[in-house]
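Q: Hi, could you walk me through this model? I'd like to talk about pockets, cores and a few odd residues.

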Amino acid sequence: MTSMAVRNPRTGEQDYRFEAASAEQVREVVGAARRAQRTWAAGGIEHRNRALLAWADQLEKHGADIVDALSVDTGRQRISHEELGAIVHFLHGFCAAAPDVLATPFRKLPDHPDVVFKVTYVPYGVVGVISPWNFPLVLSFIDAIPALVAGAAVVIKPSEVTPRFVEPLRRSLAAVPELAGIVNLVQGGAETGQAVVAASDAVVFTGSVPTGRKIAVAAAQAFIPAFLELGGKDAAVVLAGSDVARAATSILRSALYNSGQVCYAIERVYAHASLYDALVAELVSQASTLRRSVAAGDGGHYGPMIFDRQGAIIDAQLDDAVAKGAKIVLGGNSEVRDGAVWVDPTIVTEVDHSMTLMTEETFGPVVPVMRFTDDDEAERLMNDSIFGLSGAVFGPDTHTAGDFATRMEAGGVSINDTELPRVMMFDGEKTAFKQSGMGGSRYGATSIMRYVRKRALLANEGAVPPLDKLSETAEYAPAH
Ligand code: NAD
């Protein structure tokens, strides 16, 4: 076992350690999960729902400990509360959806009245889940919960950057004996993750494109499906005639939430020439009112970066942009203060697509704004990206903005607001376009179906066609 040191994002000190699971240990956990899963799947939907909802209660009971640990992991309190609330919500939502989504009635085949059939759903044995550090709890469970509801066991490997929440979370799980061997957490870095992929029956990964690509290759070699939820470079297009103040507020809410460490944060803005100056002025004026939150309860709006290396990535993009002619009109490069890495809300103008700031994922609170003169130019710019996670279009009315939104190569487009896919968790579906992901929709109750295979059971209630008809092609006569 390798001992890993963990940095505290508010102090910069390494004040926590954990033991990384070896490949051998991962195989043992997956083996035990595979054995336990048979009972879990055979128990049926009601049994699974009872256990999962009992765990939802335990999560609330252990909530203070989980949130405290998560707050240290990420340096933020309110969002840690939101994360806990979100997974309790996911448990209730997916459990409620399961009976309908997984229903398998017998049916007749219209062309073959003697044959009765039903499609049954056979869950994967063990689904490996690998998650990043920006929402450590939500992204460990957003896909694990539908997999559990489907009847699979899960082996989750959270990010090594934010592991403190695992211990209190395990205590909440221990209070529900039915989940022993069904919900498993293994800790470690890339090597532990590789072992999870190698041993699992399906894998769901949330993280960066380069790691996603490695996981896709490993999954192909292991011949298992990989569901990939990767990075983004979401564009906001502000068409002529838009409400500039509204667009600025909405763009900033998206770009600055969690200090920009969000896959679907707005990371580039294209503004029509008629309102470009007004929009930049509004962005600067509104963003200038926000303050760092240095201590709990100080009324500040944003915390330090969770992962210290993110500061260097943001600085490199800003330096590259400035060297090529960009102007930073608010904020700027990262600053280390008392061990914490801070990036203040940053607005950049005079940008173009020769700059990495406009093409690579930034994952920080930076809003570059570029001017366009006609809608075709805006379309070309917004789609000039390897990413296609989501985006936003602002216009004078829903119809105009909605028309333009259909031209965006992305899996979710908010109209006259940002981040609206968040509100459709159980009701809508969206897939990631281009390199932002692969493998169906995590949104919508049907995400449960990602974790099952379909087995058709067919019964012939009529006569078996006689052997002397072997040469005839249509043994089962069509119904008349
Ligand atoms: P990352 O890709 O560096 O790591 C993610 C996880 O993969 C970690 O647990 C890591 O230990 C593990 N890992 C690394 N190498 C591995 C390997 N070879 N095999 C198996 N596992 C391996 O990502 P990160 O820096 O933790 O997170 C930030 C990224 O996540 C950003 O790109 C962000 O856009 C993306 N993200 C995407 C979504 C989404 O829903 N699409 C949500 C949040 C974050």
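A: Happy to; here is a chat about that model.

Q: What kind of model is this, and which pLDDT do local features need?

A: This is a predicted model, where local features need pLDDT of at least 70 and side-chain atom pairs count only at pLDDT 80 or more, while totals for chains, interfaces and linings use all residues. Residues are numbered from 1 along each chain as its sequence is written, and side-chain values use heavy atoms, with hydrogens and water left out.

Q: Great. How much space lies in the largest pocket?

A: About 1300 Å³. A pocket here is an open set of points on a 1 Å grid over the protein atoms alone, where a 1.4 Å probe fits, with protein on both sides within 12 Å along at least five of seven lines. The volume is the space filled by probe spheres set on the points, which are joined across faces, edges and corners.

Q: And which residues are closest to its centre?

A: Trp133, Phe205, Gly207, Ser208 and Thr211, out of 48 that line the largest pocket; lining residues have an atom within 4 Å of a point.

Q: Which element gives the largest share of that lining?

A: Helix 9, with seven residues. Helix 9 spans 209–222, and the elements giving two or more residues also include strand 8 (202–206) and helix 12 (309–323). Helices (H or I, at least four residues) and strands (E, at least two) are DSSP runs, numbered from the N terminus.

Q: How do the lining residues divide by class?

A: Into 24 nonpolar, 15 polar and nine charged. Ala, Val, Leu, Ile, Met, Phe, Trp, Tyr, Cys and Pro count as nonpolar, Asp, Glu, Lys and Arg as charged, and the others, Gly among them, as polar.

Q: Which domains does that lining draw on?

A: At least three residues come from each of domain 1 (2–230 + 436–458) and domain 2 (234–423), with bounds from an automatic or database domain assignment.

Q: What about the second largest pocket's volume?

A: That one is about 1100 Å³. Of its 45 lining residues, Arg78, Ile79, Tyr257, His301 and Tyr302 are the closest to the centre. Helix 10 supplies the largest share, five residues, and by class the lining has 17 nonpolar, 18 polar and 10 charged residues.

Q: Switching to the interior: how many residues has the largest nonpolar core?

A: It has 89, and those with the most contacts inside it are Phe90, Val127, Phe141, Leu169 and Leu179. Helix 4 gives the most to this core, with 12 residues. A nonpolar core is a set of buried Ala, Val, Leu, Ile, Met, Phe, Trp, Tyr and Cys residues joined through side-chain atoms within 4.5 Å.

Q: What is leucine 169 in contact with?

A: Leaving aside neighbours within four places in sequence, leucine 169 is in contact (heavy atoms within 4.5 Å) with Trp55, Leu59, Ile66, Leu137, Phe141 and Leu185.

Q: Serine 80, then: buried or exposed?

A: Serine 80 is buried, at 0% relative accessibility. Buried means under 20% relative accessible area, exposed over 50%, partly exposed in between (1.4 Å probe, protein chains only). Serine 80 lies in helix 4.

Q: Last topic: which residue other than glycine has a positive phi?

A: Glutamate 350, near 55 degrees, is one of them. Glutamate 350 lies in the loop between strand 15 (346–349) and strand 16 (366–372). Lysine 434 also has a positive phi, of about 50 degrees, and is partly exposed at 34%.
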